[in-house]
Amino acid sequence: MGKKLVMVPAEELDWSAVKYEQEEIKAPHLTGFVFKLFVKILEAPLIGSLIISHLKKENKMDELLRRTVIPEAPMFKPEYPPQEPEPAVSVLDEDGKAEDRVELALKCLPHYDPASHLNGDSITYFRYWKIRDYAHAYRSGIATPSMVAEHIIPVIEEFSRKRPPTPLLISFDAEELRKQAAASTKRFEEGNPLSILDGIFMAIKDDIDCYPHPSKGGTTWMHEVRSVNEDAVCVSKLRSCGVIFVGKANMHELGMGTTGNNPNYGTTRNPHALDRYTGGSSSGPAAIVASGLCSAALGTDGGGSVRIPSSLCGVVGLKTTYARVDMEGSLCGGGTVEIIGPIASSVEDAMLVYSAMLGSSLADRISLKPSPPCLPNLSSYDSLNTLGSLRLGKYTAWFNDVDSTDISDKCEEALNLLTKNHGCEVVEIVLPELNEMRHAHVVSIGSETQQSLSPDIEDGKGVRLTYDTRTSMALFQSFTAGDYVSAQCLRRRIMYYLMEIFKKVDIIVTPTTGMTAPKIPPSAIKDGETDMQVTGYLMRFVLIANLLGLPAISVPVGYDKQGLPIGLQLLGRPWGEASILRLAHAVEELCAKSIKKPASFFDVLRS
């Protein structure tokens, strides 16, 4: 028997003695018949628990969770000290109309002339059409929502007909789409569009309710036990602004994976390289935006599931502060690490969508006391001054722990551009106990997922899950109540570290992922795969925002030598969405000319 370990209280930690420890994940990479056999053995009563115990011992999980004294009290949900107001912002009324918030968000954007861009007068490089481009096209009669819908429908149907299937959407109804587009077209003809978002096409991840589509969560059975009778709260707000919903986007089953692999319906492909994963779990939302079919999409993010695919597909992904957006009407609304966030082709489009959908639930307002939601006023001179005063925290050892130096080099170039053009200061920081943070996250999300799915698994639905989901569930079922409480003690401990760091810096910068889009093994298409090394690289930088509920955004900064997108992650203070959006917009402008058109791209506005 090993002796127990004792952590010093977080307040007494010697920061100068902190050493970066590279993550080492010990688990096999399996596909095909061997993978299926492994899962069968894993689910066997005696030998399965022995294998799980061995893997947990190899990865030092029990040592941390069961043999270590953690002096901090548990923190079962993110808790934050009061935050200073953000400078140069516009405050949004979360109790007001979504359309009014969108109108205010529009006023926060810098000057832009969509007419010249639509005519091609000022574009010498590739860029996506903005929401403002669509709005101008509709108002000037260049296009109508119905025309755009007819450009989208055959593409969606073609992806679903491929063999093997590579669907962008799991649930799609062409006539329902035409009906929404016709209603929007009529509003424009009558001169009464509901907002700048009227006629804008969006996809909704399959774990967020969007009536009349079912919410399957990427499974084959969830719609059998849970009906959808109305929109999720955030979807309802977008609908009131005139958004047109194309359908329910593909995803990694139940959000329990980082690649986007889904044997149930087919695996969505990366628009930049069709032999590679999109990243997950919001695979369909990121791919449909990157391919140009939708201006934006909604995803959920419990462990990087908005930011990972956004980075791998070369688009923008916003993870809001925990509870900033009401989770009612989603499959993951009962957890403490998940949020619903927008994926968009530009930072300004993410701002517009975010402004419409935001608003905490009453329960969260009472318990968490969120600061008022704000947006950066990008059209004001004060915004430039605010940019120049930002202190950016960089933990170099962590920042450089990537699969290829292409990633760290591109992200470093973006930081150098910020320093040169805006005067941002890069401050070296250290971040203690990152491996402990990862363990705390997997136990938190795993225990909460297991609790929510347990009734259906006991009812026989477990055998209908994919093999990689069943592998995850075997691990999650091994967690005890004590493990979960230990993870929450670690949450409080790591929260203390971050709040100390944010006394010295405004935003923490990292690559979004530790690798670019991985190849899809042919043997993984039919039955999936388990590859924890890839998972470790993809989740390396994103988990801390989920465990602590902090806002974060991924913004494209370039490509590796294979032409695959690279994202820079900006991690903000609690409720500090405006600050990370301001910096993301600056990064986007500085890197704009390096953006490349994806190999699979569709110009649905001018087709």
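**Exercise 1. Overall size**

Task: What radius of gyration would a compact globule of 607 residues have, and what does the protein chain have?

Solution. This is a predicted model. Start with the length: the protein chain holds 607 residues. For that number, a compact globule would have a radius of gyration near 25 Å. Next, take the value for the chain, which is 23 Å. The two agree. Now add the extents. Along its principal axes, the C-alpha trace spans about 75 × 50 × 50 Å.

**Exercise 2. Inside and outside**

Task: What percentage of the residues of the protein chain count as buried?

Solution. The cut-off for buried is under 20% relative accessible area. By that rule, 62% of the 607 residues are buried. Turn to the surface. About 22800 Å² of the protein chain is exposed. Carbon and sulfur atoms supply 53% of this area.

**Exercise 3. Elements and contacts**

Task: How many helices and strands does the protein chain have?

Solution. Count the helices: 23. Count the strands: 19. Then look at contacts with a separation of 6 or more. Residues 24 or more positions apart account for 80% of them.

**Exercise 4. Charges**

Task: How far apart are the mean positions of the positive and negative charges?

Solution. The protein chain carries 62 positive and 74 negative charges. Take the mean position of each set. These two points lie 2 Å apart.

**Exercise 5. Cis peptide bonds**

Task: Where is Pro 164 found, and which residue does a cis peptide bond join to Pro 212?

Solution. Begin with Pro 164. The loop between helix H7 (145–161) and strand S5 (169–171) holds Pro 164. The bond from Arg 163 to Pro 164 is cis, with omega near -5 degrees. Move on to Pro 212. Its partner in a cis peptide bond is Tyr 211, and omega is about 10 degrees. Pro 212 sits in the loop between strand S6 (201–205) and helix H9 (222–225).

**Exercise 6. Positive phi**

Task: Is Glu 433 buried or exposed?

Solution. First, locate Glu 433: the loop between strand S15 (425–428) and helix H18 (434–458). Its phi is near 60 degrees, a positive value in a residue other than glycine. Relative accessibility of Glu 433 is 16%, so Glu 433 counts as buried.

Now take Ala 88. Phi of Ala 88 is also positive, near 50 degrees, and this residue is not glycine either. Ala 88 lies in the loop between strand S3 (68–69) and strand S4 (89–91). With a relative accessible area of 22%, Ala 88 is partly exposed.

Definitions and conventions:
Residues numbered from 1 in each chain as written. Predicted model: local features only at pLDDT ≥ 70, side-chain atom pairs only at ≥ 80, totals over all residues. Heavy atoms only, no water. Helix = DSSP H or I, 4+ residues; strand = E, 2+ residues; numbered from the N terminus. Rg over C-alpha atoms; globule rule 2.2 N^0.38 Å. Buried < 20%, exposed > 50% of the residue type's maximum accessible area, 1.4 Å probe, protein only. Contact = heavy atoms within 4.5 Å. Areas by Shrake-Rupley, 256 points an atom, 1.4 Å probe, with all protein chains shown as cover. Lys, Arg positive; Asp, Glu negative; His and termini not counted. Charge placed at Lys NZ, Arg CZ, Asp CG, Glu CD.
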